[in-house]
Amino acid sequence: MSGSERTVDAVIVGAGFAGLYQLYRFRELGLTARVFEAAPDVGGTWYWNRYPGARCDVESMSYSYSFSPELEQEWTWTEKYPPQPEILRYLNHVADRFELREDITFSTKVTGATWDDGAKRWTVTTDGGETVTARYVVMATGSLSVPKDPEVPGIERFQGKIYRTADWPHEGVDFTGLRLGVIGTGSSGIQVIPLVAGQAADTTVFQRTPNFTLPAGNRLLTDAEIAERKANYREWREAQRRSGFGVPVPVAEKSAFEVSEEERNATYQAAWDQGSLMPILTAFTDSITAQAANDTAAEFVRGKIREIVENPEVAEKLCPTTYPIGIKRPCLDTDYYATFNKDNVHLVDLRQTPLAEFTDRGIRTAEREYEFDAIILATGFDAITGALTAIDIRGRDGVRLTDKWSDGPRSYLGLAVAGFPNLFTITGPLSPSVLSNMVVSIEQHVDFVTQAVTHLRDNGYAALDANVQAEGAWVAHVDEVAHYTLYPTADTYYNGANVPGKPRVFLAYAGGVGTYREHCEQVAAKGYEGFDFI
Ligand code: FAD
């Protein structure tokens, strides 16, 4: 197909949860659609991130599609928190069941997309030399799909093996007898470390920022639990859609200081025992909006770290103290803190002795060199905007998306960008995205896009474009909501702080998925208020 030019109604970039569902919906509309996916198969996040311990932190029966009641009934999750292989099997099942593969071109990266104002179409180019023109382009490129390496030189010098959690070998890795270094203690590091440390002869963990993590309490689901959820899926899905994070939890009624210290700690203990992220973050009305309230939860978890970790010095290094709990992506783990009680597991605090370089034998910090046979990089992602700015996207008058976003992303509702007609960003910057159960947010965005396209067709319009005023108002609103919370107080990937040079803007809408959904519903009900039709 190289060199040929094809015409379709829609190009979709990415074949994870978002791209697969968008393809399904566009087909229902009778549109011709072509999906391009860089990986050789479907799955997105769950195709790439195959490291030991990779698992979703949202319960399986909530982290799944709601669009097909038949699919809900025929698929049976086995564990409370689904492991990566099971989610990947699920997405493969979805691709097969709805016969989606035939419209997906795998192992192909989209490199550019240019809007033609005369034809009112996009011209999309790929790294395979293919050119496709399309009326609509949907970027289902993922919020956490562009991994980043540590910003120190010399990685190519290292003579041992380098493994990235976000691009893990399919055949697996045996670390038995090896001296292992692990860089990074975010969600992936916290999941992988207990497992590889149980295998390697000696493991050294390099930590820049300690993380709050709670015990997952993962287990097999019981038949009764599965049957109950399957019987009540519709009500559950509706509750998910109207909730704050896409996971229904009781709404707090009291401030952390309206209860006694005893009652507060009992609440946190119950949350700790429950094995879930939400209860501790939503325990009180002010848990993520007031520093003093947040401190009580943070101190509770620090107390747990000091209880679990036997060496007090190591425990202190593992205690997060520089940001509020829940404000940097919190984690769930299995035996993470206890892993540091093993004699052959060591912790290096990079705040005291920063990374200097990779050497041919290992890693040098400001203090000394460490020798390894293998190094795992669990060093995070260029989150939320990375996959979009990696593509050369040019809108009206040839304006580049990267230029428009040079001071941070501007977007209307987090799904459309003024000056880039008919381009949609699923879970894009300034939408709830990473602050939610992302499958709920993905389905909501895909449904919005599908209805907007239906509206265009029904009314004989070629395109819609967010207007600059509506976009500006949304950018200001997202910023205002973020500043009502403690989110902007920390250095996190939520605000670009993990990528040197990235503009510091809070990248997600913090008002909750239910509120956001209502807002989008009102926009649609008012004839797509804030969009111009062309
Ligand atoms: P992705 O799954 O990221 O898929 C995007 C796809 O687009 C990728 O396959 C990529 O190869 C492809 N792509 C990107 N750019 C291009 C291009 N230019 N050309 C062609 N293809 C391209 N979310 C939760 O809600 N709860 C969790 O507990 C949770 N845990 C996570 C754990 C890990 C380790 C990671 C990495 C993410 C986690 N997430 C979690 C977020 C997860 O990414 C989303 O839940 C969901 O899988 C996103 O689906 P998606 O289709 O939007 O994006």
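1. A salt bridge here is a side-chain nitrogen of Lys or Arg within 4 Å of a carboxyl oxygen of Asp or Glu. Arg97 and Glu74 form such a salt bridge, with their closest N and O atoms 2.3 Å apart. This pair joins distant parts of the chain. Arg97 belongs to helix α4 (residues 84-97), while Glu74 belongs to helix α3 (residues 69-74). The two residues are 23 residues apart. Side chains of opposite charge can pair when their charged atoms come close. The structure holds 36 salt bridges.

2. Please keep in mind that this is a predicted model. The points below cover the ligand site, then two sheets.

3. The ligand first. It is surrounded by 34 residues. The closest are Glu37, Thr45, Asp57, Tyr63 and Met438. By class, the shell around the ligand divides into 18 nonpolar residues, 12 polar and four charged.

4. Which helices supply at least two residues each to the shell around the ligand? They are α1 (17-29), α2 (45-48) and α15 (438-458). Of the contributors, α2 gives the most, with three residues.

5. Oxygen atoms of the ligand come up against both backbone and side chains. For Phe17, a backbone N or O atom lies 3.1 Å from a ligand oxygen. For Trp48, the atom is an N or O of the side chain, and the distance to a ligand oxygen is 3.2 Å. Arg329 also uses a side-chain N or O atom, 3.3 Å from an oxygen of the ligand. How much of the ligand's accessible area does the protein cover? On its own the ligand has 970 Å² of accessible area, and the protein covers 94% of that.

6. Now the parallel sheet. Five strands form an open sheet in the order β7-β16-β8-β9-β12. Their pairing is parallel. At the edges stand β7 (161-164) and β12 (345-349). Each has a single partner strand, so one side of each is left without a neighbour in the sheet. Neighbouring strands of this sheet are turned by 20° against each other on average, direction ignored.

7. One pairing within this sheet deserves a look. Strand β8 (residues 179-183) runs parallel to strand β9 (residues 202-207), and five bridges link them. Arg179 has Asp202 in β9 as its bridge partner.

8. The other sheet is antiparallel. Three strands make up this open sheet, in the order β13-β14-β15. Why is one side of β13 and of β15 left without a neighbour in the sheet? Both stand at the edges, and each has a single partner strand, so nothing in the sheet pairs on the other side. Here the average turn between neighbouring strands is 25°, direction ignored.

9. Take β13 and β14 together. Strand β13 (residues 355-358) pairs with strand β14 (residues 362-365) in the antiparallel sense over three bridges. The two form a hairpin, with three residues between them. Glu357 stands opposite Arg364 in β14. Leu355 stands opposite Thr365 in β14.

10. The next hairpin is made by β14 and β15, with three residues between them. Strand β15 (residues 369-371) runs antiparallel to β14, and three bridges join the two. Within this pair, Ile363 has Tyr370 in β15 as its bridge partner.

Methods:
Residues numbered from 1 in each chain as written. Predicted model: local features only at pLDDT ≥ 70, side-chain atom pairs only at ≥ 80, totals over all residues. Heavy atoms only, no water. Pairing = 2+ DSSP bridges. Helix = DSSP H or I, 4+ residues; strand = E, 2+ residues; numbered from the N terminus. Axes fitted to C-alpha atoms, helices over the stretch in contact; angles between N-to-C directions. Near = heavy atom within 4 Å. Polar contact = N/O pair within 3.5 Å; in protein donor to acceptor, adjacent residues only side chain to side chain. Areas by Shrake-Rupley, 256 points an atom, 1.4 Å probe, with all protein chains shown as cover. Nonpolar A, V, L, I, M, F, W, Y, C, P; charged D, E, K, R; others polar.
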